[in-house]
Amino acid sequence: MSSAPDPQTHSPSSTSELPPTAGIVVAVDGTSGSGKSSTCRGVAQRLGLAYLDTGAQYRAMTWWMLEHGVDVHDADAVAARAGEPDLVSGTDPAGPTITVDGTDVSAPIRGEAVNGAVSPVATVPAVRARLVDLQRETIAAALGGRGIVVEGRDIGSTVAPDAPVKVYLTADPSARARRRALEEGGSDAAAVEASLRNRDQIDSGRATSPLTITDGAVQVDSTDLTLDEVIGLVSGLVVSAATGSAVGSS
């Protein structure tokens, strides 16, 4: 079984404290290395919203499969055990957490073993169905509070197609590679770019919930923007949707 996070962390003490963005769902999709996590956490912190990293859930599922000796390239084997791990995602943008069967896996899910195995696991329909259900539970829990920013690759198309704010975040492949290489402590940028392009192809080509730009999504190219500029732009979209005003209006 899976458990939805406790939404009380982001719930106000009274309805009078609810900001204009209360109960809003912000769906952010985009390519690997485009800055989704940093942007979404920044927006959530700036606006007082909860935050959910769905990619971490796929990584956590992958970590569990590896720990239990499941062949991640055997879709049937992965599907047969996809219902076993108990995944819990913490939604505080200042310190998001993820546990599997009570174990904090925030660090190991970012390791090389998971990096090399997450793509085949994430393409298994049973895995996606299981995690989409969990993600929707988390979103539902946040609707009664301050709302939530959800990042992934199928949020606007599959997980929360009715989200009032949809953003598709991308950047030039070389820029994404440079950023990811720096995050990884100076990895070879050319190798990272090749890996990102391969991941893009897998994400866009999978049969179940492929990465796509959904109707109504605002495309944001972060290639020539600073992180703060991207956070400001997306935050403006959220406030605009919540108040019914045009972005930049006073």
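A residue counts as buried when its relative accessible area is under 20%, as exposed when that area is over 50%, and as partly exposed in between. Keep those cut-offs at hand as we walk through this predicted model. Glu-84 is a good case to try them on: its relative accessibility is 41%, so Glu-84 is partly exposed. Arg-81, with a relative accessible area of 26%, is partly exposed too. The side chains of Arg-81 and Glu-84 meet in a salt bridge, with N and O 2.9 Å apart.

Let us go next to strand 1, which covers residues 25-30. Six of its six residues are buried, so the rest of the structure largely encloses this strand. In a regular strand, side chains alternate between the two faces of the sheet. Here both faces are covered: Val-25, Ala-27 and Asp-29 are buried on one side, and Val-26, Val-28 and Gly-30 are buried on the other.

What does strand 1 pair with? One partner is strand 6 (residues 148-152), joined to strand 1 in the parallel sense over five bridges. Within that pairing, Val-28 has Glu-151 as its bridge partner. Strand 7 (residues 165-170) also runs parallel to strand 1, again with five bridges between the two. In this second pairing, Tyr-168 of strand 7 stands opposite Asp-29.

Asp-29 deserves another look. This residue of strand 1 has a relative accessible area of 3%, which makes it buried. A polar atom of the Asp-29 side chain lies 3.1 Å from the backbone nitrogen of Asp-154, and that contact leads us to another part of the chain.

Asp-154 is itself buried, at a relative accessible area of 1%. Side chains of opposite charge can pair when their charged atoms come close. Asp-154 forms such a salt bridge with Arg-128, and their closest N and O atoms are 3.1 Å apart. Because Asp-154 sits in the loop between strand 6 and helix 7 (155-159) while Arg-128 belongs to helix 6 (residues 125-143), the pair ties together parts that are 26 residues apart in sequence. Arg-128 is buried as well, with 4% relative accessibility. Its side chain also makes a polar contact of 3.5 Å with the side chain of Tyr-58.

Helix 6, the home of Arg-128, invites a quick geometry check. At 1.5 Å a residue, its 19 residues should span 27 Å, and the C-alpha atoms at its ends are indeed 27 Å apart, so expectation and model agree. Which residues of helix 6 are buried? They are Val-127, Arg-128, Arg-130, Leu-131, Val-132, Leu-134, Gln-135, Thr-138, Ile-139 and Ala-142. As a general guide for reading such a list, an α-helix has 3.6 residues a turn, so residues three or four places apart point the same way.

Finally, back to the charged pairs. The structure holds four salt bridges, among them the one between the side chains of Asp-53 and Arg-110, at 3.1 Å from N to O. This pair links distant parts of the chain, 57 residues apart: Asp-53 is in strand 2 (residues 50-53), and Arg-110 is in the loop between strand 5 (103-104) and helix 4 (112-115). Are these two residues buried or partly exposed? Asp-53 counts as buried, because its relative accessibility is 13%, whereas Arg-110 is partly exposed, with a relative accessible area of 44%.

Technical notes
Residues numbered from 1 in each chain as written. Predicted model: local features only at pLDDT ≥ 70, side-chain atom pairs only at ≥ 80, totals over all residues. Heavy atoms only, no water. Buried < 20%, exposed > 50% of the residue type's maximum accessible area, 1.4 Å probe, protein only. Helix = DSSP H or I, 4+ residues; strand = E, 2+ residues; numbered from the N terminus. Pairing = 2+ DSSP bridges. Expected span 1.5 Å × (residues − 1). Polar contact = N/O pair within 3.5 Å; in protein donor to acceptor, adjacent residues only side chain to side chain.
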